[in-house]
Amino acid sequence: LCGHTNHISGFAVSPNGCICASAGPDGKIMLWDLHGGVSVLGFETSCHVNSLEFCPTRNWLSAGTETSVMIWDLRSKAVVADLVTELANQPSQKLVQSECTAVRWSADGSTLFAGYT
């Protein structure tokens, strides 16, 4: 997929199979028309994107990044949520920022699960 400046670390196919999304350490998220093979939409983040997932019931795309979980509405192109989580570091109980490495929607689209380092 041309357009990224580095390797691709996140990839997802839309529920209808017409669009795929790719992302990587360059912070770019690109959406591709699978029939025409062209980029149709893009989003910029300021950090490495690790994981992508389309919501099965809404026109939303979620991304697990090194700083947060982001959700975009693909129709309005607006950010629906930018969720930052701080986890307690066990030895010191000091709050530290954790990197989201995976995101997955439940089958009914009601819950977004996220995995962290």
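Me: Where is serine 46 found?
Reply: Serine 46 sits in the loop between β4 (38-44) and β5. Keep in mind that this is a predicted model.

Me: Why is serine 46 called exposed?
Reply: Look at its relative accessible area, which is 77%. Exposed means over 50%. The value passes that cut-off, so serine 46 counts as exposed.

Me: How far apart are serine 46 and glutamate 66 in sequence and in space?
Reply: They are 20 residues apart in sequence. In space the distance is 9.6 Å, C-alpha to C-alpha.

Me: Where does serine 106 lie, and is it buried or exposed?
Reply: Serine 106 lies in the loop between β11 and β12 (112-116). Its relative accessible area is 14%. Buried means under 20%, so serine 106 is buried.

Me: What makes the pair of serine 106 and aspartate 108 a polar contact?
Reply: Their side chains come to 2.7 Å. The cut-off is within 3.5 Å for a pair of N or O atoms, where one must be able to donate a hydrogen and the other to accept it. The distance fits, and the pair is listed as a polar contact between side chains.

Me: How many salt bridges does the structure hold?
Reply: The structure holds one. Arginine 104 forms it with glutamate 53.

Me: Why is the pair of arginine 104 and glutamate 53 called a salt bridge?
Reply: The closest N and O atoms are 3.5 Å apart. The rule asks for a side-chain nitrogen of Lys or Arg within 4 Å of a carboxyl oxygen of Asp or Glu. Arginine 104 and glutamate 53 meet it, so the name applies.

Me: Which parts of the chain does this pair link?
Reply: Arginine 104 is in strand β11 (residues 100-105), and glutamate 53 is in strand β5 (residues 49-54). The two residues are 51 residues apart, so the salt bridge links distant parts of the chain.

Me: What makes arginine 104 partly exposed?
Reply: Its relative accessibility is 44%. Buried is under 20% and exposed is over 50%. The value falls in between, so arginine 104 is partly exposed.

Me: How many disulfides does a search of the whole structure find?
Reply: The search finds zero.

Me: Are cysteine 18 and cysteine 100 buried, exposed or in between, and why?
Reply: Cysteine 100 has a relative accessible area of 0%, which is under 20%, so cysteine 100 is buried. Cysteine 18 has 28%, in between the two cut-offs, so cysteine 18 is partly exposed.

How values were computed. Residues numbered from 1 in each chain as written. Predicted model: local features only at pLDDT ≥ 70, side-chain atom pairs only at ≥ 80, totals over all residues. Heavy atoms only, no water. Helix = DSSP H or I, 4+ residues; strand = E, 2+ residues; numbered from the N terminus. Buried < 20%, exposed > 50% of the residue type's maximum accessible area, 1.4 Å probe, protein only. Disulfide = S-S within 2.5 Å.
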